Amino acid sequence: MQILEIIKNKKKMTKKEILGLATTLWGEINQRNQLQEELTELDLAICKLRRTGNEEKKMDNFFEEIADVKIMIEQMEHIYGAKEIDGHYEKKLNRLEERLKEVIINTPIYNSIYTLLQEEIISKYFNTDIKKAKLLSGN
């Protein structure tokens, strides 16, 4: 009844209300199917970018498809619970962090770039010249 009141009074719905209403109207299975469709459309938008370059119209379509996928992912969080998804998200993010560290440590060029970035960050945030500090310390 609350949704009907919002619609009748032409009030703006909250994101939670929109996601809940979409699930109620179209159902869990249809929304999963819609996610798959939106993912396919995003995949096609990426293929078009690869084939034709980053022209403005293609980039706009790419961003639009990302927005569609993002909405559907939020619907999945609404249906299945953000906690469940967030747990997997954190694991995946941690795994990505470990892979990045591994690449930086085990690849000479990345290791050199990382060292230079570290020196720049230290110099910037600690207001010190890292090269002078190394010379003074003998390293």
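Here is a short tour of this protein chain, one selection at a time. Keep in mind that you're looking at a predicted model.

**Start with the whole chain.** Switch on the cartoon view: you'll find 7 helices and 0 strands. Now colour by burial. Of the 139 residues, 17% count as buried. Show the surface too, and you have about 11600 Å² exposed, with carbon and sulfur atoms supplying 58% of it.

**Next, select helix H3, residues 28-52**. Show the side chains of Glu28 and Arg32, which meet in a salt bridge at 3.1 Å, N to O. These two sit 4 residues apart, about one turn of the helix. Why might such a pair form? Side chains of opposite charge can pair when their charged atoms come close. Are they buried or exposed? Glu28 is partly exposed, at 35% relative accessible area, and so is Arg32, at 37%.

**Now jump to helix H5, residues 82-106**. Pick Lys101 and look for its partners. One is Glu97, with the closest N and O atoms 3.2 Å apart; another is Glu98, at 4.0 Å. Glu97 lies 4 residues from Lys101, and Glu98 lies 3 residues from Lys101. Together, the three are linked in a network of salt bridges. Lys101 itself is partly exposed, with a relative accessible area of 39%.

**Last stop: a nonpolar patch.** Select Tyr89, Leu93, Leu96 and Leu100, and turn the surface back on. They make a nonpolar surface patch of about 400 Å². Click on Leu100, which belongs to helix H5: at 49% relative accessibility, Leu100 counts as partly exposed because exposed means over 50%.

How values were computed. Residues are numbered from 1 along each chain as its sequence is written. This is a predicted model: local features need pLDDT of at least 70, side-chain atom pairs count only at pLDDT 80 or more; totals for chains, interfaces and linings use all residues. Side-chain values use heavy atoms; hydrogens and water are left out. Buried means under 20% relative accessible area, exposed over 50%, partly exposed in between (1.4 Å probe, protein chains only). Accessible areas come from the Shrake-Rupley method with a 1.4 Å probe; for residues, only the protein chains shown count as cover. Patches are made of residues with over 30% relative accessible area and no salt bridge: like charges are joined within 9 Å, nonpolar side chains (Val, Leu, Ile, Met, Phe, Trp, Tyr) within 5 Å.
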